[in-house]
Amino acid sequence: MTYDLAEKLVNGDRLALAKAITLVENRAHGHEDILEECFRNRKPAVRIGLTGAPGSGKSTLVNAMIKLLRAEGKTIGVVAVDPTSPFTGGALLGDRVRITTSESDEGVFIRSMASRGAVGGIAEATDDVAVLFEASGKEYVLIETVGVGQAEVDVAASADTTVLVLTPEAGDSVQTLKAGLMEVADVFAINKSDRPGAERMALDIRSMLEMRASEKGWTPPIICMSAIRGEKVDELIDEIAKHREHLASCTSAADRERTYLVVKLKRAVERMLKNDLWRGPDGSALEKIADDIADGTTTPYAAARQILDRYRARSGQGE
Amino acid sequence: MSRPIRILVAKAGLDGHDRGAKVVAAGLRDAGMEVIYTGLHQTPEQIAEAAVQEDVEVVGISSLAGAHMTLFTRVLELLKEAGAGHIMVVGGGIISEDDIVGLEKRGVAKLFGPGTELPVIVDWIVKAVDAQRAEAAKE
Ligand SMILES: Nc1nc2c(ncn2[C@@H]2O[C@H](COP(=O)(O)OP(=O)(O)O)[C@@H](O)[C@H]2O)c(=O)[nH]1
Ligand SMILES: [Mg+2]
């Protein structure tokens, strides 16, 4: 069944793509086979990450970018991630409100995704959804992050170009930017430039960038734009293209692909290890260990070592 | 822990506000569901296409202006055409008793009349999805 699904989605079946995404997102039985098959059939897309605070206009920008890219005949997959409530496990995924594509346009596929506990701005499986999009023939993959993560930096490893969306609004001053965000941006988009303060903000960012050595040989461009009016969105897309050219000039596509795949590999190994670890008897032993920690018989650290030792022994590779 | 229920909430029709739909969407989220909210003025075509892409288990449509019969019937039709006839369609809004009976006959799984309490809606959806999942697991 799952093989079937992969084959269908490679042949452009939208329902199969939707179902495959669900299986991968749930890490359901058979999802690894689908990924395997899709990976073999994928053609790397232009992967663009969009990050920035909630309300900065990421979804509106996705909408504007879709319009322009579709006019050029490009096919697009969008993953828009919103936060899962740690208390209820529920999520309100509202990005579609801003994204108004034609329902009969087969060249665009939009998927909302809950973060499900991941804190890096994207969901654990977002990366793999991009692979499914690529296998289904999408030439562009747009990844919209949550915007409220502790550090929205995971998307940088999943995308070729990361766009940081800022607004000239009060409080969004450059000094208060979350650590790491500045570094993650390949392109700065100052959205809502139809409002006052955008030029000022661009100056602030420029002077901040000047204090920093551009070790990558790339000075992130700053574009004052308006997603809702569709102003300067074409310029933004041009800059993204330039960033890609820059990447191509300093590293080969093969090298970049290699770096990306190593990240993917590590994520996959870590995920499988984690699942494997807690699926075994160690998962059920957790309650007992929790009791022991609670009554002071052991400490979390000693218990962690113990669990790991047991896991190694179980997998026949005790040290 | 079972995976969260995935549900699409749409506000159909041309009338201007979606407060009711938003309250329901937030309530479903608080009940632990993943709620895809699509906003105002959704056409049956948009609703069906979004439901397919999002691979939801349930579509909930809020409709205040008349034309329920055509609207709900069309969504059911489009889902079937897209091979997604398995998706449950529920609705809420100001709908007459007669229309409710008629629509449920045509395949709308459930219609909640005006003023239905949120817990009633949540409860109904949880039970219906559980049953649907159990059915699917048998296949
Ligand atoms: N004035 C103005 N408002 C905008 C612009 N782009 C987006 N918005 C508004 O900003 C709000 C948040 O936009 P949204 O795309 O949902 O932001 P996200 O949370 O980052 O995805 C919405 O009310 C948009 O209409 C813009 O260029 N100018
Ligand atoms: Mg958004």
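Buried means under 20% relative accessible area, exposed means over 50%, and partly exposed lies in between (1.4 Å probe, protein chains only). The exercises below use a predicted model, in which local features need pLDDT of at least 70, side-chain atom pairs count only at pLDDT 80 or more, and totals for chains, interfaces and linings use all residues. Residues are numbered from 1 along each chain as its sequence is written, chains are lettered from A and ligands numbered from 1 in the order in which they are written, and side-chain values use heavy atoms, with hydrogens and water left out.

**Exercise 1. A salt bridge within chain A**

Task: Find the salt-bridge partner of Arg70(A), place both residues, and state whether each is buried or partly exposed.

Solution:
1. A salt bridge is a side-chain nitrogen of Lys or Arg within 4 Å of a carboxyl oxygen of Asp or Glu. The partner of Arg70(A) is Asp105(A), with the closest N and O atoms 2.8 Å apart.
2. Arg70(A) is in helix H4 of chain A and Asp105(A) is in the loop between E3 and E4, so the pair links parts of the chain 35 residues apart. Helices (H or I, at least four residues) and strands (E, at least two) are DSSP runs, numbered from the N terminus.
3. Asp105(A) has 19% relative accessibility and therefore counts as buried. Arg70(A), at 25%, counts as partly exposed.

**Exercise 2. The magnesium site**

Task: Which protein atoms are donors of the magnesium ion (ligand 2), and what spacing do they follow along the chain?

Solution:
1. Donors are N, O and S atoms within 2.8 Å of the metal (3.2 Å for Na, K and Ca); water is not among the atoms, so sites may look incomplete.
2. The protein donors are Ser59(A) through OG, Asp95(A) through OD and Glu144(A) through OE, lying 2.1 Å from the ion.
3. Their spacing along the chain is S-x35-D-x48-E. Ser59(A) belongs to helix H4 (residues 58-71), while Asp95(A) sits in the loop between strand E3 (91-93) and strand E4 (108-114), 36 residues apart.
4. Ser59(A) is buried, at 7% relative accessible area, and Asp95(A) is buried, at 8%.

**Exercise 3. The loop before helix H5 of chain A**

Task: Describe the surroundings of Ala123(A) and the salt bridge made by Glu124(A).

Solution:
1. Ala123(A) is in the loop between E4 and helix H5 (126-135) of chain A. Its relative accessible area is 6%, so Ala123(A) is buried.
2. Contact means heavy atoms within 4.5 Å. Not counting residues up to four places away in sequence, Ala123(A) touches Val81(A), Met113(A), Ala114(A), Ser115(A) and Ala118(A).
3. Glu124(A) and Arg271(A) meet in a salt bridge through their side chains (3.4 Å, N to O). Glu124(A) lies in the loop between E4 and H5 and Arg271(A) in helix H10 (residues 253-279), so the bridge ties together parts 147 residues apart in sequence.
4. Arg271(A) is buried, with a relative accessible area of 10%, whereas Glu124(A) is partly exposed at 39%.

**Exercise 4. The interface of chains A and B**

Task: Give the area buried between chain B and chain A, and list the polar pairing across the interface.

Solution:
1. Buried area is the accessible area (1.4 Å probe) that two parts lose on being put together, summed over both. Between chain B and chain A this is about 2,100 Å², of which carbon and sulfur atoms give 51%.
2. In chain B, Glu34(B), Gln53(B) and Asp55(B) lose the most area to chain A, together 27% of what that side buries.
3. The contact takes 27 residues from chain B and 25 residues from chain A.
4. Six salt bridges are counted between the two chains. One of the salt bridges in the model joins Arg96(A) to Glu54(B), with the closest N and O atoms 2.6 Å apart.
5. A polar contact is a pair of N or O atoms within 3.5 Å; within protein, one must be able to donate a hydrogen and the other to accept it, and residues adjacent in sequence count only if both atoms are side-chain atoms. The rule finds 16 residue pairs in polar contact across this interface (both at pLDDT 80 or more).
6. On the side of chain B that touches chain A, H2(B) gives the most, with seven residues.
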